Each structure stands twice: as C-alpha cells, then as structure tokens.
Amino acid sequence: MTENTRRQIIVLDNVSKSFSASGKVLNNISLRIDQGDFVVLLGPSGSGKSTLLRLIAGLESTSSGTIKYDVENKADRAFVFQEAHLMPWRNLKDNVSLPLELLGKSEQERNAKALAALASVGLEDAAELFPHELSGGMKMRGSLARALVVQPKLLLLDEPFAALDEETRFRLGEEL
C-alpha cells in the first residue's frame, strides 16, 4: 500500500483530558495511526503517555476532542498495563484464556490458544502456576500473552517490558 491508501485505524482530533486533582494532562492532541504502524510515545514520567493509551483503548473518555476507530469491535483491541493485573485465584493458563472465555469460546479452543500464547512469550512450562508463584517478569509476560491470545488488530502496550531482563526484553521486542 502507498502512504495515501493505507487504512486509518485510529484518528485523534484535538483530544484533551483533564482530571479534577491534576488539571489538564493532555491538550489538543491530534494523531493518525494507520494499519501496520508501530507507534511509540516518548516523554517524561507524568506527561500523559498512559492517559493517552487509556483514551485510545476506550478505558477513559476525553474531556474534549474526538477519537475515531476503524477497530470498532473492542475484542479487536488489547491493552497491556504497566502492572500485570493477573487474577490470583486463576492459574496462568486460565488468566491468559480469560478474554476467550468472555468471548464465549469453547474450553478446548481457549486452552489451545492460551498455551500457544504462553509459548510465544516463553512461559509454556508455567501454565499451571498461580500468580504468587511467578516472578514479576513472568507475570508481565503472562499479561502480554493474555493480550495476544485474541490476536488483536490493535495492541496497546504501556511499558510492558520494564520488569523483564534484557535478553527477554530483546526477544519479545523482536517477536512483536
């Protein structure tokens, strides 16, 4: 595809976000994300990167401006937070398969896809472990596997590699 024919996935038009406690965090942000783009947000801590990702994910609403999606189905979007947010009462495989469970997929399909997603992040041997039995890096890789299990059209990552060792960070970066 040429630059002019690439499909727009997300378009932000003059998006602003304010919080009552901290005031305006984002001011008139306009951004176009095309299919196949790999976008990186850089800035100091507290500059609004996570807020912008949460807006794009549909987890927050804008104070002003608009966000238009070509990826209307929320099941086609996945978000990996800065922290793993795994459910302590579910083993890793069941945590990873949760999005498929919510989509009504069969247990057989959920298990097969969850194990494949765990293998893609190097955790196939940890499938039956519970979050309290995992290191911080393993939890984050589990969280990434949970996002990848639905094969989203839009993958939003909020510093998911921060808790990983250098070798694993490099391998997963290459995988993405």
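Helices here are DSSP runs of H or I with at least four residues, strands are E runs of at least two, and both are numbered from the N terminus. The structure is a predicted model.

**Exercise 1. Set out the order of helices and strands along the protein chain.**

Step one: count the elements. The protein chain has five helices and five strands.

Step two: walk along the sequence. The pattern reads β-β-α-β-β-α-α-α-β-α.

Step three: add some bulk numbers. The chain has 176 residues, of which 39% count as buried. Now take the contacts between residues at least 6 apart in sequence: 62% of these join residues at least 24 apart.

**Exercise 2. Work out how covered H2 is, and what its buried residues pack against.**

Step one: get the tally. Eight of the eleven residues of H2 are buried, so the helix is mostly covered, with buried meaning under 20% relative accessible area.

Step two: name them. The buried set is Leu-92, Lys-93, Asn-95, Val-96, Ser-97, Leu-98, Pro-99 and Leu-100.

Step three: find the partners. These buried residues pack against H3 and H4.

Step four: check both ends. At the start of H2, a side-chain oxygen of Asn-91 comes within 3.2 Å of the backbone nitrogen of Lys-93. Just after H2, Gly-104 has a positive phi of about 80 degrees.

**Exercise 3. Describe the packing of H2 on H3: what are the angle and the axis separation?**

Step one: read off the geometry. H2 spans residues 92-102 and H3 spans residues 107-120; they pack at about 120 degrees, with axes 9 Å apart.

Step two: classify the angle. H2 is oblique to H3, because roughly perpendicular stops at 115 degrees and roughly antiparallel takes angles over 145.

Step three: give the hand. H2 and H3 make a right-handed crossing.

Step four: list who touches whom. From H2 come Leu-92, Lys-93, Val-96, Ser-97, Leu-100 and Glu-101, while H3 brings Arg-110, Asn-111, Lys-113, Ala-114, Leu-115, Ala-117 and Leu-118.

Step five: sort that contact by class. There are seven nonpolar, two polar and four charged residues where H2 meets H3.

**Exercise 4. Do the same job for H2 and H4.**

Step one: geometry again. H2 and H4 pack at an angle of about 35 degrees, and their axes are 7 Å apart.

Step two: the hand. H2 crosses H4 in a right-handed way.

Step three: the residues. On the H2 side you'll find Leu-92, Asn-95, Val-96 and Pro-99; they meet Gly-142, Ala-145 and Arg-146 of H4.

Step four: the classes. The contact of H2 with H4 has four nonpolar, two polar and one charged residues.

**Exercise 5. Zoom in on Val-96: is this residue buried or exposed, and what does it touch?**

Step one: place it. Val-96 belongs to helix H2.

Step two: check the accessibility. Val-96 counts as buried because its relative accessibility is 0%.

Step three: collect contacts beyond four places in sequence. Val-96 touches Ala-114, Ala-117, Leu-118, Gly-142, Ala-145, Arg-146 and Val-149.

Step four: look at the backbone. The C-alpha atoms of Val-96 and Arg-146 are 4.0 Å apart, with their positions 50 residues apart along the chain.

**Exercise 6. Two arginines, Arg-90 and Arg-77, are buried; find a polar partner for each.**

Step one: Arg-90. Its place is the loop between strand E4 (77-80) and H2, and at 14% relative accessibility Arg-90 counts as buried. Its side chain makes a polar contact of 2.6 Å with that of Glu-101.

Step two: the surroundings of Arg-90. Beyond four places in sequence, Arg-90 is in contact with Asn-95, Ser-97, Leu-98, Glu-101, Phe-130 and Pro-131.

Step three: Arg-77. This residue lies in strand E4 and is buried, with a relative accessible area of 12%. A polar atom of the Arg-77 side chain is 3.3 Å from the backbone oxygen of Ala-57.

**Exercise 7. Compare the settings of Asn-28 and Gln-151: where does each one sit?**

Step one: recall the background. Most residues other than glycine have a negative phi.

Step two: Asn-28. Phi is positive here, near 55 degrees. Asn-28 lies in strand E2 (residues 23-34) and is partly exposed, at 45% relative accessible area.

Step three: Gln-151. Phi is positive again, near 50 degrees. Gln-151 sits in the loop between helix H4 (136-148) and strand E5 (154-157), and with a relative accessible area of 64% it is exposed.

Technical notes: Residues are numbered from 1 along each chain as its sequence is written. This is a predicted model: local features need pLDDT of at least 70, side-chain atom pairs count only at pLDDT 80 or more; totals for chains, interfaces and linings use all residues. Side-chain values use heavy atoms; hydrogens and water are left out. Axes are lines fitted to C-alpha atoms, for helices over the stretch in contact, and angles run from 0 to 180 degrees between N-to-C directions. Angles under 35 degrees count as roughly parallel, over 145 as roughly antiparallel, 65 to 115 as roughly perpendicular and the rest as oblique. A crossing is left-handed if the near helix is turned anticlockwise from the far one by less than a right angle, and right-handed if clockwise. Contact means heavy atoms within 4.5 Å. Ala, Val, Leu, Ile, Met, Phe, Trp, Tyr, Cys and Pro count as nonpolar, Asp, Glu, Lys and Arg as charged, and the others, Gly among them, as polar. Buried means under 20% relative accessible area, exposed over 50%, partly exposed in between (1.4 Å probe, protein chains only). A polar contact is a pair of N or O atoms within 3.5 Å; within protein, one must be able to donate a hydrogen and the other to accept it, and residues adjacent in sequence count only if both atoms are side-chain atoms.
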